[in-house]
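Colleague: Could you take me through one part of this model up close? I'd like the open sheet and whatever packs on it.

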Amino acid sequence: MSKSKHTIITEDPSLAAKVLKEGGIVLFPTETVYGLGADSRNLSSCLEIYKIKNRPADNPLIVHLGNPALIPDIGEVTEAAKILIRQCMPGPLSLVLKKKDKSVFSTGLTTIAVRVPSHPKVLEMLSYFGGPVSAPSANLSGQPSITRLDDAISEFDGQVDLILKGAEPEIGLESTVVDFSVSPPKLLRPGYFGWEELQKYVPDLENYSDLKEGETPSSPGRKYRHYAPKAKVIFTENQNPDRESAAIGIGLIRGWKFALDLRNNSEYMKNLYSFFRDCDRLRISKIYCFPPANASGKEAILNRILKAQES
Ligand code: TXA
Ligand code: MG
């Protein structure tokens, strides 16, 4: 992709909103990962995101809103969805709903994913903008999502109209996605909120199951290569350090070429993607990932490592 645009880099959320209104593409931080956003009601801007990311055309985008009160305008909110909206929003959760607003971009689906991020800077931008913003994670399709401003700039400077600067993502993995367009509701992607936590609020929530051969993916994004660095990712419990490879985990022993020893699952989530990116920069060919702690966040970390390993 050619780097032909002049990219404004700013901390000003009102300028970001103005660029969105003019049909521009804005890269912004959220509490999960960086996003690449466009006005959901501007078809050509939304399609430009697919070009920039090299994203398969049938993989839909999440609509970002500045306030949970706006959700019922976009999709049909079920009683169970209402509970999660009350408990978890704004925050790292996306809901798939039956689509109501036909003017909002979707890939021809009758459903729409909505999310109200909690990151203050993006909330300000959304409130200046006033409408829905469609945004996937800001990364080339298949690669790990971006969690640091430096990576956002080196990957997208010259390709987007504006990069909004703000606090770096606290969480580091993408939002939890729950499908309320089906009954019983289904967890499609674990994130900061995992199945067990959500079951407290939605007792009949079905856990996502990894696709078996021949099964139709309920979330189009699930059939594609995901979250993967160039290096080979190996998930294992046995630590046999080697001087050529990298390792990430909790309680690592010494002897790796490059390693990140973490204290808990929050640190694991926050650092996993940036570690993958650092390993690629160092041209490391194998990354060993060790199990997360048996605590909140485990499901999401394992999900991303196993997807990266499959690729
Ligand atoms: O944390 C996040 O969710 C970030 C930030 C930027 O908000 N966004 C993000 O977007 O991760 P993306 O496009 O990388 O992942 C969205 C996932 C994809 O797997 C997509 O297939 C699924 O949500 N999705 C979107 N709309 C859907 C729909 N109508 N039905 C089922 N799955 C949907
Ligand atoms: Mg993504």
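**The four-stranded sheet and its helices**

Modeller: Sure: the order in this open sheet of four strands is E12-E15-E13-E14, and the pairing is parallel (two strands pair if DSSP finds at least two bridges between them; strands are DSSP E runs of at least two residues and helices H or I runs of at least four, numbered from the N terminus). At the edges sit E12 (232-235) and E14 (258-262), each pairing on one side only. From one strand to the next the twist averages 15° (angles run from 0 to 180 degrees between N-to-C directions, with axes fitted to C-alpha atoms, for helices over the stretch in contact).

It's a predicted model, so local features need pLDDT of at least 70 and side-chain atom pairs pLDDT 80 or more, while totals for chains, interfaces and linings use all residues. Residues are numbered from 1 along each chain as written, chains are lettered from A and ligands numbered from 1 in written order, and side-chain values use heavy atoms, leaving out hydrogens and water.

E13 (residues 246-250) runs parallel to E14 over five bridges, and Ile-250 has Leu-262 of E14 as its bridge partner. Helix H8 (residues 265-281) packs on the sheet, touching E12, E13, E14 and E15 (286-289), at about 175° to E13 (contact means heavy atoms within 4.5 Å). Helix H9 (residues 298-310) touches E12 and E15, at about 130° to E12.

The two helices pack at about 20°, axes 9 Å apart, so H8 and H9 are roughly parallel (angles under 35 degrees count as that, over 145 as roughly antiparallel, 65 to 115 as roughly perpendicular and the rest as oblique). Their contact includes Phe-276 of H8 and Ile-305 of H9.
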